[in-house]
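Dear colleague,

I am handing over the structure below, together with an account of what was found in it. Please read the notes alongside the model.

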Amino acid sequence: MTCIVPLMVPMFVSGVSPGEGAAQALPTPTTRPFWDAAAEGRLAVQQCGSCETHFFYPRIACPSCGSREVSWVDVSGRATLLSYVINHLPAPGFEAVGPHVIAIVQLEEGPTMMTNIIGSDAVPDQLVIDMPLQVAFEDRRGQVVPVFAPREGHAA
Amino acid sequence: MSRPVAAIAGAAETSLGRLPAMSELDLHVDAALLALADAGLSLDDVDGITSAVHNPVEIAHALGVRPTWFDGTSVGGTSFLVHVRHAAAAIAAGQAEVVLVLHGESRRSVVGRHPRPMPADGMLGQFELPFGVYGPPTMFTLPYLRYAHETGTTLEQLASVPARQSEWSHGNPRAARPSLASVDEVLASTPIAWPFTKLMCCMVSDGGGGLVVTSAERARELRRTPVYLWGSGEAADSPLVSQMPDLTRAETFERSATAAFTEARISHNDVDHLMVYDAFAHVPLYGLEALGFVGRGEAGAFVADGNTAPGGHLPMNTNGGGLRYTHTGMYGMFAIQEAVRQLRGEAFAQVPDVDVSVVQGVGHFFSEAATLVLSNREVSA
Ligand SMILES: [Zn+2]
């Protein structure tokens, strides 16, 4: 596993490294900019040119107002932990990972997304709802996915 | 309430559990024949058919029906509630007269089961599956900790949902889990997706069910007590759990139930019996709050204190639910069946004097919802 970590983010101590058989995203033309950005260590979402809403997942038009005038913007990577489970039922490819944290996080720009939490043990007392997080990137067998770690100084 | 247009005139479940001799197609046909026999009708009477697991046209042909109305809306476990609502609309419009609403699923034995593709280039495939979610136990459960955080609901209260429901199914030979389960036993069962343990998750079984929906007028001439549809509603939101607008509210339930209660012109005090789809232990808690039977954050204590258990004032999930009775993957058919049994006075754990039953269904992970208000009376007293 190689990690591409933006400068301001602490190196994480553990990642989720699924093996062969794990689901990988197959980008479409509309979603490819998200995955291309992740491969470069950037978290990008779309923003509406008409109503300025940031939104995710990628679409051809803004779901708030219907405008087709949408563009890709890099976001801060700062997020908070909305909710999670500690998964004991491994998906294909996750058998060797052990219990891992699947979370829904909210970016400070507004959109929510599913991710894995890394850099903390997969135990409830290290996973506090609303804790601040920072994006990191994990190369999973050739596909870089955004994951999130407790923000420095805020680890539970 | 204006006079109801449609009624359930026949209802039946197939055998449940492990049925390796029956394909999904067979289960649909079995359910159809059982429901027609219950109604005292024959294949020749049927002009409409619905199903969610398979294409209704395949089922109609295997059954020997040549329909002039069909609906294959497939929106997870609430599909059959949606079908009853759509069938009633078709009957009101004069487009159909006798509709079979059918379910059959070989979830456990996987015989003749169509694959359920989750393409890697879909939104689920790109933005959720790569993070290790593995079906409903790791997806439907994801919103819960936020709800617990905001409402103060405890793990013991969450565990009380299957524990209390086990009081209804206790000793029922048709229930997959017919024993009593204590809160401690629920908490101590195998961890699945913390904080959810195995006994907070529905079981996986084979089975099916059928309903005969017809006009209220025709239903009155048939052999069974009609179960009238007083009102219904349906609603949808994000198909991705990570994009739910509020992780602490079943917002789709709120919209479908408001429509159903409004159409039926009932208030909460009119409801004698409630079914809230319980694929996982938290769903009835969300449902009790979304339907307005309790205030926000009150559902956990309400269930733990026995208000929905035998002897409580709001009997809920009286077959034991998906957590104790059966769950084939799409459970909504069985919630309707139990409401029909209660309204006919023939349930295993019969509640006295049930005149009005509300059935709340959910599809996928709060993505779709439908509500039925059913009664054994044509008009409210
Ligand atoms: Zn917009």
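Which residue is the bridge partner of A79(A) in strand 8 of chain A? The partner is L133(A), and the rest of this message places that pair in its strand, then turns to the contacts between the chains and to the salt bridges.

Some conventions come before the details. This is a predicted model, in which local features need pLDDT of at least 70 and side-chain atom pairs count only at pLDDT 80 or more, whereas totals for chains, interfaces and linings use all residues. Residues are numbered from 1 along each chain as its sequence is written, chains are lettered from A and ligands numbered from 1 in the order in which they are written, and side-chain values use heavy atoms, with hydrogens and water left out.

Chain A

The secondary structure of chain A consists of one helix and nine strands, where helices (H or I, at least four residues) and strands (E, at least two) are DSSP runs numbered from the N terminus. Along the sequence the order is β-α-β-β-β-β-β-β-β-β. Of the 156 residues in chain A, 47% are buried; here buried means under 20% relative accessible area, exposed over 50%, and partly exposed in between, with a 1.4 Å probe and protein chains only. If one takes the contacts (heavy atoms within 4.5 Å) in chain A between residues at least 6 apart in sequence, 58% of them join residues at least 24 apart.

Strand 5 of chain A, residues 78-87, has eight of its ten residues buried. Strand 5 pairs with strand 6 of chain A in the antiparallel sense over eight bridges, two strands being taken as paired if DSSP finds at least two bridges between them, and in this pairing V85(A) has I102(A) as its bridge partner. Strand 5 also runs antiparallel to strand 8 (residues 132-140) of chain A, with three bridges joining the two, and it is in strand 8 that L133(A) partners A79(A).

Between chain A and chain B

Strand 5 of chain A pairs across the interface as well, in the antiparallel sense and over two bridges, with strand 5 (residues 191-194) of chain B; there I86(A) stands opposite W194(B).

In total, 40 residues of chain A are in contact with 31 residues of chain B. The area buried between the two chains, meaning the accessible area (1.4 Å probe) that two parts lose on being put together, summed over both, is about 3100 Å², and carbon and sulfur atoms give 68% of it. The rule finds 18 residue pairs in polar contact across this interface, both residues at pLDDT 80 or more; a polar contact is a pair of N or O atoms within 3.5 Å, of which, within protein, one must be able to donate a hydrogen and the other to accept it, and residues adjacent in sequence count only if both atoms are side-chain atoms.

On the side of chain A that touches chain B, at least two residues each come from helix 1 (32-39), strand 5 (78-87), strand 6 (100-107), strand 7 (112-116) and strand 9 (143-150). Strand 5 gives the most, with seven residues. By type, this side divides into 28 nonpolar, ten polar and two charged residues, where Ala, Val, Leu, Ile, Met, Phe, Trp, Tyr, Cys and Pro count as nonpolar, Asp, Glu, Lys and Arg as charged, and the others, Gly among them, as polar.

Salt bridges

A salt bridge is a side-chain nitrogen of Lys or Arg within 4 Å of a carboxyl oxygen of Asp or Glu, and by this rule there are 30 over all chains. Between chain A and chain B the count is one: D130(A) and R146(B) meet with N and O 3.0 Å apart. This pair crosses from the loop between strand 7 and strand 8 of chain A to helix 6 (residues 144-151) of chain B. D130(A) is partly exposed at 36% relative accessibility, whereas R146(B) is buried at 10%.

Within chain B, the side chains of D38(B) and R224(B) form a salt bridge at 2.6 Å, N to O. The two lie 186 residues apart, D38(B) in helix 1 (residues 24-39) and R224(B) in the loop between helix 9 (216-220) and strand 8 (227-236) of chain B. D38(B) is buried at 12% relative accessible area, and R224(B) is buried at 18%.

R249(B) and D246(B) also form a salt bridge, at 3.8 Å from N to O; R249(B) is partly exposed at 33%, and D246(B) is partly exposed at 25%. Finally, a network of salt bridges links E24(B), E105(B), R107(B), R113(B) and R116(B).

With best regards
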